[in-house]
Amino acid sequence: MRYKQNVNLRLRDRRRYVHSTDIYPAIIEHARLAGAPVISDLKIDFVRLVQCQLNIVLYDTGSDDIALDTPFSFSYSSTADNYAGYFFDCCTPVTETYVSDDDTIYKQLHVSGDKLTIDDPTGDFEPIDVVAALSAKHELLEPATDGRKWLVARLELAAPLPQQQPQVFQSRIERRLGTTRIRSLLLIDGQKIGRVVLVQGLA
């Protein structure tokens, strides 16, 4: 199986790079379009920032279809099969923007020890937006080196984020990987749903 499609992307708020909150739903959408009714063990690696429109490629892991220069790569399982994929840049810059709810989400943020919590009792926010907000605020738990910030390097999810609106999102530092990387647990309504690896970088 080899699947290839264009992905039409927009820029989130004032950012000048394609955001993880747009990459995640693109992977879920195209995995399902390619024939995956059930998705599990999703892993997304964020390699570098990108400002151009992208194509997405999905393939059976046995076909060894590997991109050497890709801003995002990923893998997932569906029933008994394993798949992988990647994005590659087109020449067309992303110019369209949209407004996000980052500031509203941050107002719901609470810090307690080594844990970040965001309560969403009315279900106003998309789960991926809340997960991204938690990742962006890890500086409250572990300040980055001067002039740098924490960026998502890898997102691991046992299954796609729930479509029904959960209420309590948490991120808790699980392990410090040297001085420039952190691995944190992600929990929704008290249940572990995955991990995120953060790395210090510039954005």
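## A tour of two cavities

Start by selecting Arg12, Arg15, His19, Asp102, Tyr106, Asp129, Ala132, Ala133 and Ala136: together they line the second largest cavity. Next, colour helices α2 (102–106) and α3, the elements that each give two or more residues to this lining. Of the two, look longest at α3, since the largest share of the lining, 4 residues, comes from there. Keep in mind as you go that this is a predicted model.

Now switch to colouring by residue class. Around the second largest cavity you will find 4 nonpolar, 1 polar and 4 charged residues. The space they surround has a volume of about 40 Å³.

How many cavities of 30 Å³ or more does a search of the whole structure find? There are 2, so one stop remains on the tour.

For that stop, select Ser20, Phe46, Ile128, Val131, Ala132, Ser135, Val152, Leu155 and Val196, the lining of the largest cavity. Two elements give two or more residues here: α3 (127–136) and β10 (149–157). Show both as cartoon, and keep α3 highlighted, because α3 gives the most to this lining, with 4 residues. The largest cavity has a volume of about 70 Å³.

Is the lining of the largest cavity charged or nonpolar in the main? Its residues divide into 7 nonpolar, 2 polar and no charged.

To finish, select Ala132 alone. This residue belongs to the lining of the largest cavity and also to that of the second largest.

Terms used:
Residues numbered from 1 in each chain as written. Predicted model: local features only at pLDDT ≥ 70, side-chain atom pairs only at ≥ 80, totals over all residues. Heavy atoms only, no water. 1 Å grid on protein atoms, 1.4 Å probe; cavity = no way out; pocket = protein on both sides within 12 Å on 5 of 7 lines; lining within 4 Å. Points joined across faces, edges and corners; volume = space filled by probe spheres on them. Nonpolar A, V, L, I, M, F, W, Y, C, P; charged D, E, K, R; others polar.
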